[in-house]
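Here are a few points to read alongside the structure. They concern one helix pair and one sheet, and they are best followed with the model open.

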Amino acid sequence: MKSSQIRAIFLDYFREKDHLVLPSFSLVPQNDPTLLLIGAGMAPFKPYFTGEKVPPHPRAATCQKCVRTPDIDKVGITSRHATFFEMLGNFSFGDYFKEEAITWAWELITQVYKLPEDRLYVSIYEQDDEAFYIWRDKVGLPESKIYRLGKEDNFWEIGPGPCGPCSEIYYDLGLEHGCGRPNCEVGCDCDRFLEVWNLVFTQYNKEADGSYKPLERKNIDTGAGLERLAMVLQGVNNLFEIDTVRPLLDHFAAKAGISYGKGGQNDVSLRVITEHLRGITFMVADGIMPSNEGRGYVLRRILRRAVRHGKLLQMEGSFLSDAVSLVVELMGDAYPEIAEKYDYIVRIVGLEEERFKETLDQGMEILTKHIVSLTAEGKNSLTGEVAFKLYDTYGFPLDLTKEILGEKGLSVDEKDFNRCLEQQRERARAALNSRDAGRNDALLSSLVKGMVTEFTGYDSLSAEGMLTAIVNLSGGELLHEVSSENTGGELYLVLDRSPFYPEKGGQVGDTGTISTDNGTARVINTLPGPGEQILHLVQIEEGHLKVGEKVNSQVDEKRRFDIARNHTSTHLLHRALKDFLGEHVNQAGSLVAPDRLRFDFTHFSGLKAEEIEEIENNVNARLRDNLLVETSYTDLDKALEMGAVALFDEKYSGRVRVVRIGNYSLELCGGTHVRQTGEIGIFKILSEGGVGAGVRRIEALTGDAAYRYFAGRDDLLKSASALLKASPENLHEKLVELLESHKELQRKIKSLSQKLVKHQVEAILQQTDHSLGIPVLSAQVEAQSMEELREYLDRLRDKMGSGIILLGTRTDGKVLLAAAVTQDLVKKGFHAGKLIGEAARITGGGGGGRPDMAQAGGKNPQQLPEALSRVVSLVQHQQGRLDNNGRG
């Protein structure tokens, strides 16, 4: 029975039992910070199990794609471990319970899939009598086939929360798969009894004190591994033999020119590559990009492990990306997203594959040297410092280093590695926060503890309030009063109400003024405090300010409006990038300043000029549409249900602010924005480039800054037009005309140079030395480039017929050298590359080349005559060595 049939039969069976059959959810968890990846069929349904959300139907069934990596080091070593798998599952949210779950599972297994009952066994939690009676009395299973196991095996729980006993169905693969012990039975660690279905009865809530409280609404969560069912129904011994996997393994075996099944390292490597490519394909299809953080690092670990095993099999080329098409062929019908994103998957996998190949050999050379040293010294652990260098410089995930060492019986000092990693992160944080280097957050926190500032700046750029604190951070003290005469150091004001937006989320802080009846302070920057305060970095311009005084705050209106233009533009740009490049694009950082914006985003390659133009045009079209920009507040779950874009690394509270731009863009954002997109005026992309692996950066201008940019370009155009005596409209035509004229002049110069060379060749040939019995010519010529020098060389060699030539010239304060040896003398052992190397050293340079032709350069033009005068003696030295070798 094919895997596609197994999948369809399962889903059809439960559809007939009034289950809502849903497609597989993405491998990327939605709004669940506790998970990196979906690793179980029930994971996407957690909000329904916990009661946070109301399910669309009380019964559901899925075939969920899953990725788990705790046993990644065992994948390939055994024939049953995998990182990627499909989990068939049926779920009940407070509807049916144990009896239905058990009897339906048995009916499907025995009457539909027709597995022989004599090969089936079940386990239950040792205290779950209810399940025991259902299996014995309702299903009719003999007591001898029902095994009571302990909490470790048959009770599902993960910390406080919903939990419960479970019952597992096993298939007996036969004595030949067992351990041979007389007491081998269900629960044994050997491979004989294969678990094919796990039925979890969520009937308790584990309290914080460790007690178990019965749930009012009991749930069912079952999981049947599709690959395991396929093993049984297809009569094969392991997952690498089933119909969705074996063709891939055979492909790689053929690619490597080896046969599978002979045991040893080759079989391990074939299994690793085969298994990992399945997970790689699905992870990339779901928008995961290789990186050094989070789920991106999981992908990178798996992919680079596969590349390394391909290297062990001496596979050449992009063997992983080339095989994505076979994964699509095998599984694209069930998961259309991998077919739809085929080109994208191939590009991402191919880029990462090639990137690691560039450093794999170097890293392996370093690691091999350390392995040899450790073995010779009788040590068994690699330092974390070396492992970190392999990770940081050569792209070796720690797991890969551990695996390679493990193959040699060695280990790595992970504590030391983590120390090095944390030091690097600290350096990165220090560099990122260098502007705050003088800010002592611990001291600041103690000074302003308990103070709260109400932000009023969304609706108004001015506010009345009270000065609640004056913080002299340089002196580490709170001041009661400060004046323009005695101010000094780093001075912050804390107000009870403020319209000043503090620097956060990529948006720079506001500037402006804070004044009282007695004095005025200029706000240089606004920063978030360690708590709920807004800190105003100020200079006292006149008079004095006292704590407790009423203040009038005024934000610099033009600057704030320029910032708002740029912030709204980043939202429009984000949406345009997703529309034109794909939904894998996500914000990776930003700077929103009054004079420019910078937007970092995830993407695998640089943008073409036409792509940049399309994106820019799209954003400007949205400005002309004059879309309404609206903000609202809701809870996080509702915002995500609305389709709002959230940043993965951002921490959100329960209540979030949503910024909607017409029906075009919807993002979670706390920043300031324009009221309508027409207020932005114009949007201009200045540059696009890479800032790291898989991260691109766009810099752009809007509003007044964009106008000044275009005005500057207009001035430049007018200036160029005046210089070339052409109107701006005819400037292009004039430049083409001038360039053509320049090219023609260059052609004439080259022609004259060639004629000059031809004329001078005869004169230069007169300098040939015949004292060694072979023609040797060294001469200084007039040449402006290596190309001209080689023109002389070629003509002289053709004229001589047989001989050795070394020419030199001085140009731009440097020496250029070129040498030639005719073929008859090359056969006798003379070498142009060695000759020119010696001559170049005399001029303070170096170079080399082939026996028949070579070129070099030097730094000391005044030494050129000396180098040329030594050519005959250098040739004589070569001749002497050749004579000695001949006599030897």
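**Notes on a helix pair and a sheet**

1. The axes of helix H1 (residues 3-16) and helix H3 (residues 98-112) come within 12 Å and cross at roughly 135°, in what should be kept in mind is a predicted model. At that angle H1 counts as oblique to H3, because an angle has to be over 145 degrees to be classed as roughly antiparallel. The handedness of the crossing between H1 and H3 is right-handed.

2. As for the side of each helix that takes part, H1 contributes Ile 9, Phe 10, Tyr 13 and Phe 14 to the contact, while H3 contributes Trp 104, Glu 107, Leu 108 and Val 112. Sorted by character, the residues of this contact between H1 and H3 comprise 7 nonpolar and 1 charged, with no polar ones.

3. Turning to the sheet, 3 strands form an open arrangement in the order S24-S25-S26, and their pairing is antiparallel. Strand S24 (629-635) and strand S26 (665-668) stand at the edges with a single partner strand each, so that one side of each of them is left without a neighbour in the sheet. From one strand to the next, the twist averages 25°.

4. Within this sheet, the pairing of S24 with strand S25 (residues 655-661) runs in the antiparallel sense over 7 bridges. Which residue in S25 stands opposite Tyr 633? The residue in that position is Arg 657.

Methods:
Residues are numbered from 1 along each chain as its sequence is written. This is a predicted model: local features need pLDDT of at least 70, side-chain atom pairs count only at pLDDT 80 or more; totals for chains, interfaces and linings use all residues. Side-chain values use heavy atoms; hydrogens and water are left out. Two strands pair if DSSP finds at least two bridges between them. Helices (H or I, at least four residues) and strands (E, at least two) are DSSP runs, numbered from the N terminus. Axes are lines fitted to C-alpha atoms, for helices over the stretch in contact, and angles run from 0 to 180 degrees between N-to-C directions. Angles under 35 degrees count as roughly parallel, over 145 as roughly antiparallel, 65 to 115 as roughly perpendicular and the rest as oblique. A crossing is left-handed if the near helix is turned anticlockwise from the far one by less than a right angle, and right-handed if clockwise. Contact means heavy atoms within 4.5 Å. Ala, Val, Leu, Ile, Met, Phe, Trp, Tyr, Cys and Pro count as nonpolar, Asp, Glu, Lys and Arg as charged, and the others, Gly among them, as polar.
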